[in-house]
Protein chains: 4
Amino acid sequence: MEPEIKKGILFTAFGSSMPRGEAAITAVRAAVAAAYPDVEVRTAYTSRIIMRKLAREQGRVIDEPAIALAKMAYEGFTDVAALSAHIIPGAEYDDLAAVVKAFRMMGEEAPKAGFRRLCLSPPLLSSYEDFERIAGVMADAYKRETERGAVVLVGHGSSHFADAAYCALQMALWRRSPNFFVGALEGSMSFGDLLPRLGKSGAKKLILAPAMLVAGDHAYNDIAGGEPGSWKSMLEAEGYEVAPALTGWGENEAVRDMILDKLRDVWGEAY
Amino acid sequence: MEPEIKKGILFTAFGSSMPRGEAAITAVRAAVAAAYPDVEVRTAYTSRIIMRKLAREQGRVIDEPAIALAKMAYEGFTDVAALSAHIIPGAEYDDLAAVVKAFRMMGEEAPKAGFRRLCLSPPLLSSYEDFERIAGVMADAYKRETERGAVVLVGHGSSHFADAAYCALQMALWRRSPNFFVGALEGSMSFGDLLPRLGKSGAKKLILAPAMLVAGDHAYNDIAGGEPGSWKSMLEAEGYEVAPALTGWGENEAVRDMILDKLRDVWGEAY
Amino acid sequence: MEPEIKKGILFTAFGSSMPRGEAAITAVRAAVAAAYPDVEVRTAYTSRIIMRKLAREQGRVIDEPAIALAKMAYEGFTDVAALSAHIIPGAEYDDLAAVVKAFRMMGEEAPKAGFRRLCLSPPLLSSYEDFERIAGVMADAYKRETERGAVVLVGHGSSHFADAAYCALQMALWRRSPNFFVGALEGSMSFGDLLPRLGKSGAKKLILAPAMLVAGDHAYNDIAGGEPGSWKSMLEAEGYEVAPALTGWGENEAVRDMILDKLRDVWGEAY
Amino acid sequence: MEPEIKKGILFTAFGSSMPRGEAAITAVRAAVAAAYPDVEVRTAYTSRIIMRKLAREQGRVIDEPAIALAKMAYEGFTDVAALSAHIIPGAEYDDLAAVVKAFRMMGEEAPKAGFRRLCLSPPLLSSYEDFERIAGVMADAYKRETERGAVVLVGHGSSHFADAAYCALQMALWRRSPNFFVGALEGSMSFGDLLPRLGKSGAKKLILAPAMLVAGDHAYNDIAGGEPGSWKSMLEAEGYEVAPALTGWGENEAVRDMILDKLRDVWGEAY
């Protein structure tokens, strides 16, 4: 006897503990819900620090992916898509993929503990085409800005191989405009690495924006904060005139379309 | 940096929705807790029907193993033993083993999603030695009864290969006394199969007892209930004088010792 | 681009190093090949001792399952059924199942390293129905013998839970005739355990036959050999008149049909 | 009873069907063998096309990883390191990792089918540090050349996310000299993408070298061949003076040291 089909999407993001940051997450999740109006959309975060902070400070419980998936199996969901709203296939995504794979194995050996179908949509920047597409989105978003000065996009960076994504992003953006510059808080595309690239451009006026899903703690503090260690402060100390543009990529409709297209690729339009 | 060690035991049983049945489960869990006083013992059930009934009727939420393990990982447990309080290595145990294996794989690929160490203790009747030992326990428990008449032990039975356990139990009990008889509600050791065996013994007085962890719904209804279809009624219709002995194996200290020994075998004394 | 479909069966047996034993294996494999004339049938053994002996003494190389499957993947097989010609779901079968499961996982993550489809047929005695059916087969095979005296079937036995299969076989055979007796070289159904059962039957003349796929080393030596420690010698020392019937189950067409039916159950008729 | 320890290394490369290409592979394998003189080193290739060509044209059989590992398990190896001599963590490496993971799972469930210990060393360019280190190696190797003109390194490229490695390589090499340029036969760093970067440098004389383990078919044909479609021909058509430098990275001792260090990281010095 086949169980009744019950479809669900597990929207999975790193998470944010700032309302501004959650706005971007909420916007992406709303786009997903609008695209699949008949499917229940649940939310999981992958950052334990953020989940614990939300629980402690706001009494809000958000599950991590394994708990959320286990609950969905118990509640009878049969067809589930885990959507990764991560930017790069780094450590957070690898962990999510391992959880999904384990639930898939669970479902093969103990059908009631898993799902009939469980797929995972890849992160935003997973292939050559993704870098081309995001570069186009950024070129549209910062058309005027790149004509008048430089635009510096600052990502999270990583000690994982996926840190190379920020290099690929730089190369792809340069195909659009020589005035795009990519840096990252961690990894190879450091502030020290950015400066000489920026210097050669001759630009004096900079737009400083996060290359992140959300404009949250990193954007408001590490990137554009007023403290001496922020990228804004350090760039100003180098003589640049810096205007922060604090919107997360999740607030950009064209980025949301990219995320939705990835979900459609693995889950199909019909769902 | 090694995480701080946090040990936990996930006591896992089929479950029971009757207070009498839960008494046996509680007794086993208490024995586990007493044997490992410094370790937190959590409980999971494997029967969704029972969990849903408890939630609906009593507002009590008991997690199934995957949810319980996912929560323990999130809460920082590092060394976990899943204890199977199942009687035979049948479908319920196979599912539990699949869940444990998936969490082990999860932990290897995404350490934070799993445990440093995760083991699973096998069900009560897992080997030749177990059948010998349980036969000894039953021989002690029903010494007088087998001298005066027959003792019929009724298990759950299964369409799984592990149904053979009830045959092995019959053979092992016969090594102790020819007056032990094994039947099962499902599978090969049916009521129809029991009758000729019982007939040859010449016994007229029978003790009728469950070969189950708990004396719950099955014991009070299917085995010893007053309805025409119960084993008690059917045996009486065949002319036997039937005295029910409605205690679950979990209420027997020697059985609890067997369960604890299995946990020690896989987890070690030191825990 | 879908690869061209290439179907294969991996016939997997414990193995035998005696020509008489291999006859039974050859008969089963031939039946499989005849049932699926368009499918290539390959052979793997699970006993390393036997494979090494064959390689050393006869220069014949038979692969174990992992090597055979890895070669089939390399050679472009897409749809493979591993057929277990084992009698019980014991340690040999568990190992085979683990290998098959690992290749399935391999194929999901690295399609070229695995198969589009890989299934495994369960061992001969896997469920209640199997015990009923084999009992019928044995009742047919030993109709006259059970009318004139006792038939003792001696299996391999195991320290694995699946040793219970020999108890289930005993119970199922007794449903056919009280003159069937089961023993095993290892595990619970030992010679010492058999004697009292046999004694109660009053039989003096015994047929002694293996409950094994092949009549090989165990049958010719441990069971029916002329040495003092063989079951034949020990039974004769107890006063029985013993006639060995040294044919492996694989030489019985009705047993081969059971094996084929299990393959059809998991792989389908169409193949 | 613990089995006797038997250590082995499975040296795994894409493979090459040209003697010149195999020279680089042989050099790396020899370095591995010299570093672990007491350990047997076996070889597997991951390119089926190359393995089939070698078998067909030269009668040489080289196993792919799954066959090689299955044979090692059968032959009693207990501690095995699979060494990936791939450049990037792309599709070839992912497949190898899936095979290794499956053998690890096999070994957990069926110890005799797997290994006591099985590890996998990551590909050459797996982290930020690797890009820095290879950039240093290249800067040393082409010190004079980058002072006199441009050096163009051509990698394989990929439709996999790991194609970003060539972007990261470009960024890392620019930290050493503005005269390094990276291209790839596939993926984002195409010939068309290289030309404008190269044009800005003002260089007229180019060294054209593979960014590959071996200088084989790709190096001699696609990169430096005399045919019109080769990168050499296309660069010459653009007016550049091109001098090929056809050595594989495996022929560079400093690259071999990187590979060995990765093996040591996962397997330890003591082996």
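Start with E109(B) and K101(A) in this predicted model. Their side chains meet in a salt bridge, 2.9 Å from N to O. In total, two salt bridges link chain B and chain A.

**Widen to the interface**

Now show both chains, B and A. Which elements of chain B supply at least two residues each to the side that touches chain A? Select α2 (48-58), α3 (65-74) and α4 (91-109) of chain B: these are the ones. Colour α4(B) separately, as the largest share of that side, 10 residues, comes from this helix.

Next, colour the same side by residue class. On chain B, the side touching chain A has 14 nonpolar, one polar and 10 charged residues. Turn on polar contacts as well. Across the interface of chain B and chain A, 10 residue pairs are in polar contact, with both residues at pLDDT 80 or more.

Select every residue in the contact. Chain B gives 25 residues and chain A gives 25 residues. Switch to a surface view. The two chains bury about 2,400 Å² between them, and 63% of it lies on carbon and sulfur atoms. Which residues of chain B lose the most area to chain A? Pick R48(B), Y74(B) and K112(B). Together they make up 29% of what the chain B side buries.

**Into the sheet of chain B**

Hide chain A and show chain B as a cartoon. Four strands form an open sheet here, in the order β2-β1-β3-β4, with parallel pairing. Look to the edges for β2 (40-45) and β4 (117-121) of chain B, each paired on one side only. From one strand to the next, the twist averages 20°.

Zoom in on β1(B), residues 7-13. Six bridges join this strand to β2(B), and the two run parallel. Select A13(B): opposite stands Y45(B), in β2(B).

Add helix α11(B), residues 253-267. This helix lies across β1, β3 (79-84) and β4 of chain B. Its direction is at about 150° to β4(B).

**Over to chain C**

Hide chain B and show chain C. Again there is an open sheet of four strands, ordered β2-β1-β3-β4 and paired in parallel. Why does one side of β2 (40-45) and of β4 (117-121) in chain C lack a neighbour in the sheet? Both stand at the edges with a single partner strand each, so one side of each is left free of a neighbour. The twist averages 20° between one strand and the next.

Finish on β1(C), residues 7-13. Six bridges connect this strand to β2(C), running parallel. Select F11(C), whose bridge partner in β2(C) is T43(C).

Key. Residues are numbered from 1 along each chain as its sequence is written. Chains are lettered from A and ligands numbered from 1 in the order in which they are written. This is a predicted model: local features need pLDDT of at least 70, side-chain atom pairs count only at pLDDT 80 or more; totals for chains, interfaces and linings use all residues. Side-chain values use heavy atoms; hydrogens and water are left out. Two strands pair if DSSP finds at least two bridges between them. Axes are lines fitted to C-alpha atoms, for helices over the stretch in contact, and angles run from 0 to 180 degrees between N-to-C directions. Contact means heavy atoms within 4.5 Å. Buried area is the accessible area (1.4 Å probe) that two parts lose on being put together, summed over both. A salt bridge is a side-chain nitrogen of Lys or Arg within 4 Å of a carboxyl oxygen of Asp or Glu. A polar contact is a pair of N or O atoms within 3.5 Å; within protein, one must be able to donate a hydrogen and the other to accept it, and residues adjacent in sequence count only if both atoms are side-chain atoms. Ala, Val, Leu, Ile, Met, Phe, Trp, Tyr, Cys and Pro count as nonpolar, Asp, Glu, Lys and Arg as charged, and the others, Gly among them, as polar.
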